[in-house]
Amino acid sequence: MPAQPKIVQLVASGDLRLSANQTCWPAQAAMEKALAAALKAEGWKIKRAHAVDPVKKHGFIDSQRMGIEVFRGIDSDAPLIVAEAVWQYSHHLLAGLTTHRGPILTVANWSGQWPGLVGMLNLNGSLTKAGVKYSTLWSEDFTDAFFKTKLKQWLKTGRITHDLSHARKLEKVKVPAKAADVGKKLAATLRAEKAIMGIFDEGCMGMYNAIIPDHALHACGVFKERLSQSALYHETLQVSDADAQAIHTWLEKKGMTLHLGKDHATELTREQVRLQCKMYAAALRIADDFGCNSIGIQYQQGLKDLLPASDLVEGMLNNSDRPPVKSRDGRRTLWAGQPLLHFNEVDECAGLDGMLTQRVHRALQQPVENTLHDVRWGETFGGDYVWVFLISGAAPPAHFVGGWKGAEGFRQPAMYFPNGGSTLRGNSKPGEIIWSRIYVQNESLHMDIGRGCVVALPPEETERRWQLTTPQWPIMSAVTYGVSRDQFMAKHQANHVQVAYANDAKSANDCLFAKAAMARALGIQVNVCGALSR
């Protein structure tokens, strides 16, 4: 009699929005089928812990309550796979995973479509912050040698080991004396003068990993001003039509192309852009009211039901060259000639990272504009592994080929953004970059930081990558120096990565070391990842 297959439980977290879950379900179903075949080849069988809902027409866990109920039916000691082919809300699963005693494996398909690897990286960062032990794995088709070898390891031992040799503790790296001095002085100034991070509602889209505990933030000299998106909505409606039109006209004169139509449900309309211009002015005035040094707008969920997307707003805020907005009394131009740092999806780790970046780059006379991107996907091109970093909002036109003239506005996809709104799309210019991520582990702050560059791909290759992801959003074609795809995936603790340009390779290295030194002086544990050049 043949041996009975061993059983592994499987769960899949999804979006909170029904439209997203229904649209993305076919990709998830295909991924689970391929994963089941890989497990079958090893003598294991998948037991799905929750059924496909015939009414909802998808098989995702779509709320925290549902996740808690599903985990009540799972053997806490059984091996468990979290399979993700889509963007997902980590808090749907977090309650159950915190008490699961058996081995946990997070798995994503290697696709830019919705995408699963972004969702998995967010879950991984959340599990790390929560102190939950897990292993992680990814594959294009679940038949490659890397995947099969690592899967066997997990099935046999309950854990996977990855190559993390690219990450070195800062204490083991020689930091140039000048950069170390700059970093220490900037840290001392921040702690002494203190800074305020404006939070327009905390905890966007279940991103538990994006919330910094207050005590850890306070140790850096940074404090939260907890603001309400209701106040932002109200303030948006108080901005005059004349102010909104002036902002809109400024964008057009700068050369931004807005692809306008008349159908609110499917096209970008002038009314949507007008409301975004009002939100932009409102955000600046509220930040001024509270003396904020940076702000983060959650938008999803909440504002999506009331206003167009905040993404155009975020990208404008992060640019030095942006539409001027006067204070309420009309006497001052707010943050004239400089960005008001905005962190997309109220990701506080990105917000703190951006604050450090801005101060270091200003001190070293390097470009201060910075943004987060999703670690969306990637493929090899021309001998390099070229990442697709892609985000819906916060990318400044200073990063684009052609600046504002290279910026385009398309309607945000209706699946996520029912009230539309313009994107701020552009193709990131070639150049030297510093990438980084602050994350929470063992109740303390950590930073991974490395060097890389943005490469100029042929137009047809850039367009192909856009079409395989989200063509309405800004793109960055990035190479990470000395860090392979699998090393990056195994170590990175978030769906987001922070990026900033420097004028040349030497300047970029100076920025990296100064920022690392500043972070260390603030009590952040720093890993320098990869190499300083190609």
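How many bridges join strand 1 to strand 3, and do the two run parallel or antiparallel? Three bridges link strand 1 (residues 6–11) with strand 3 (residues 80–84), and the two strands run parallel. Keep in mind as you look around that this is a predicted model. Below is a short tour, starting with the sheet that holds these two strands and moving on to the aromatic side chains.

**The parallel sheet**

- The sheet is an open one built from five strands in the order 2-1-3-4-5, with parallel pairing.
- Its edges are strand 2 (44–48) and strand 5 (135–139), each of which pairs on one side only.
- On average, neighbouring strands of this sheet are turned by 30 degrees against each other, direction ignored.
- In general, strands of a sheet pair through backbone hydrogen bonds, either parallel or antiparallel.
- If you would like one residue to start from, take V11, whose bridge partner in strand 3 is V82.
- Helix 1 (residues 18–41) lies across strand 1, strand 2, strand 3 and strand 4 (104–109). Relative to strand 2, helix 1 runs at about 150 degrees.

**A stacked pair that links two loops**

- Searching the whole structure turns up 11 aromatic pairs.
- One of the pairs is Y299 with F417: the ring centres are 5.9 Å apart and the planes meet at 25 degrees, so this pair is stacked.
- Y299 sits in the loop between strand 10 (294–297) and helix 11 (311–317), while F417 sits in the loop between strand 14 (408–409) and strand 15 (431–441), so the pair ties together parts that are 118 residues apart in sequence.
- Y299 has a relative accessibility of 2% and therefore counts as buried.
- F417 is buried too, with a relative accessible area of 1%.

**W387, F389 and their cluster**

- W387 and F389 make a stacked aromatic pair, with 6.2 Å from centre to centre and 25 degrees between the planes.
- W387 is buried at a relative accessible area of 0%, and F389 is buried at 1%.
- Both residues belong to one aromatic cluster, formed by W110, Y385, W387, F389, W435 and F488.

**Lysines over tyrosine rings**

- K129 places its charged end over the ring of Y208, 3.9 Å from the ring's centre.
- K429 lies over the face of Y501, at 5.4 Å from the ring centre.

Methods: Residues are numbered from 1 along each chain as its sequence is written. This is a predicted model: local features need pLDDT of at least 70, side-chain atom pairs count only at pLDDT 80 or more; totals for chains, interfaces and linings use all residues. Side-chain values use heavy atoms; hydrogens and water are left out. Two strands pair if DSSP finds at least two bridges between them. Helices (H or I, at least four residues) and strands (E, at least two) are DSSP runs, numbered from the N terminus. Axes are lines fitted to C-alpha atoms, for helices over the stretch in contact, and angles run from 0 to 180 degrees between N-to-C directions. Contact means heavy atoms within 4.5 Å. Rings of Phe, Tyr and Trp (its six-membered ring) pair if their centres lie within 6.5 Å; planes under 30 degrees apart count as stacked, over 60 as edge-to-face and the rest as tilted. Buried means under 20% relative accessible area, exposed over 50%, partly exposed in between (1.4 Å probe, protein chains only). A charge sits over a ring if NZ of Lys or CZ of Arg is within 6 Å of the ring centre and within 35 degrees of the ring normal.
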